[in-house]
Amino acid sequence: MQKQTRGASLKTLIINGSPRKNGDTAALLDVLKAALKGEITEISAYYDKISPCIDCRACWKTGKCVIKDRMELIYDDDFDNVIIASPVHMSNLPGPLISLAGRFQAHYASGKFLGAVPKLKCKNGALILVGGGDGAADKAIASAKWMFKAMNAKLDDEAVILSLNTNNAAAIEDEEAIQKVRNVTIKLNREAN
Ligand SMILES: Cc1cc2nc3c(=O)[nH]c(=O)nc-3n(C[C@H](O)[C@H](O)[C@H](O)COP(=O)(O)O)c2cc1C
């Protein structure tokens, strides 16, 4: 997990689904991070040792997850923006990111079994997906949208940024995707004011 602060009180959570620390996802995130104001908390689905949900069902009784790890930062829900940035793996989000998403079961159980749907802060979302070029990213987008919903983050169409030809050209050479990242960053900065 990385934390970086620049000026204002805007708080952004980045959930990084890439195993490659200097890969295509990282390159587009660097563009975003260079211009984004405020405090940035980045969680890596691969390297932050976030346990999968083990279906212990403690959350059925308390609405809370008993596992103590960096998922607690996400549960704390103290963010204005949430960015999911990830490669496409097997036409979907990579396994560790899907595994992290399973931890939102605590929110579901709270609503389902305790009648206490968590009151989550309304956030702005942005999705950055990179892919080699093998097929559509529809399933990955659908999975990411499920995660945004679980975090009460709205995702506008222009905040979905795709670079899906990285087998032939690295994402950092994808000028359209880079411009979209810059535009979304401006919007995220502005909406926080
Ligand atoms: C296990 C695995 C599965 C992949 N599956 C797909 C896929 O279904 N569709 C696709 O377009 N690219 C697929 N790729 C390619 C990656 O999405 C692509 O190389 C991406 O740019 C890597 O991003 P990163 O450098 O941020 O990790 C796959 C790569 C791996 C390692």
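## A turn after α6

Just past the end of helix α6, N152 adopts a positive phi of about 55 degrees. Keep in mind that this is a predicted model, so the backbone angle here, like everything below, is computed from predicted coordinates.

## Helix α6 itself

Let's back up to the helix. α6 covers residues 138–150, which makes 13 residues. At 1.5 Å a residue the helix should span 18 Å, and its end C-alpha atoms are indeed 18 Å apart, so expectation and model agree.

Which residues of α6 are buried? They are A140, A144 and M147. Looking down the helix axis, these buried residues fall within an arc of 55 degrees, so they line one face of α6. On the other side of the helix you'll find D138 and A142, both exposed.

And what do the buried residues of α6 pack against? Two strands and a helix: β4 (81–87), β5 (123–130) and α4 (95–101).

## I40 in strand β3

Over in strand β3, which takes in residues 38–44, sits I40. Is I40 buried or exposed? It has 22 C-beta neighbours inside 10 Å, and the cut-off for buried is 20 or more, so I40 counts as buried.

I40 also gives us a handy distance to T25. The two residues are 15 apart along the chain, and their C-alpha atoms are separated by 16 Å.

## Around the ligand

T25 turns up again at the ligand. The ligand has 19 residues around it, and the ones that come nearest are G23, T25, P87, G131 and T166.

How does that shell break down by class? Polar residues number 10, nonpolar residues 6 and charged residues 3.

## The chain as a whole

Zooming out, the chain has 7 helices and 7 strands. Reading from the N terminus, the elements go β-β-α-β-α-α-β-α-α-β-α-β-β-α. The radius of gyration is 16 Å, close to the 16 Å the globule rule gives for 193 residues, so the chain is as compact as a globular protein of that length.

If you want a box for it, the C-alpha atoms fill roughly 50 × 40 × 25 Å along the principal axes. Of the 193 residues in the chain, 37% are buried. As for contacts with a separation of 6 or more, 82% of them involve residues 24 or more positions apart.

Technical notes:
Residues are numbered from 1 along each chain as its sequence is written. This is a predicted model: local features need pLDDT of at least 70, side-chain atom pairs count only at pLDDT 80 or more; totals for chains, interfaces and linings use all residues. A residue is near a molecule or strand if its C-beta atom, placed from the backbone, lies within 6 Å of it. Ala, Val, Leu, Ile, Met, Phe, Trp, Tyr, Cys and Pro count as nonpolar, Asp, Glu, Lys and Arg as charged, and the others, Gly among them, as polar. Helices (H or I, at least four residues) and strands (E, at least two) are DSSP runs, numbered from the N terminus. The expected span of a helix is 1.5 Å times one less than its number of residues. A residue is buried if 20 or more other C-beta atoms lie within 10 Å of its own, exposed if 12 or fewer, and partly exposed in between; C-beta atoms are placed from the backbone. The arc is that of the directions from the helix axis to the C-beta atoms. Two residues are in contact if their C-beta atoms, placed from the backbone, lie within 7 Å. The radius of gyration is taken over C-alpha atoms; the globule rule is 2.2 Å times the number of residues to the power 0.38.
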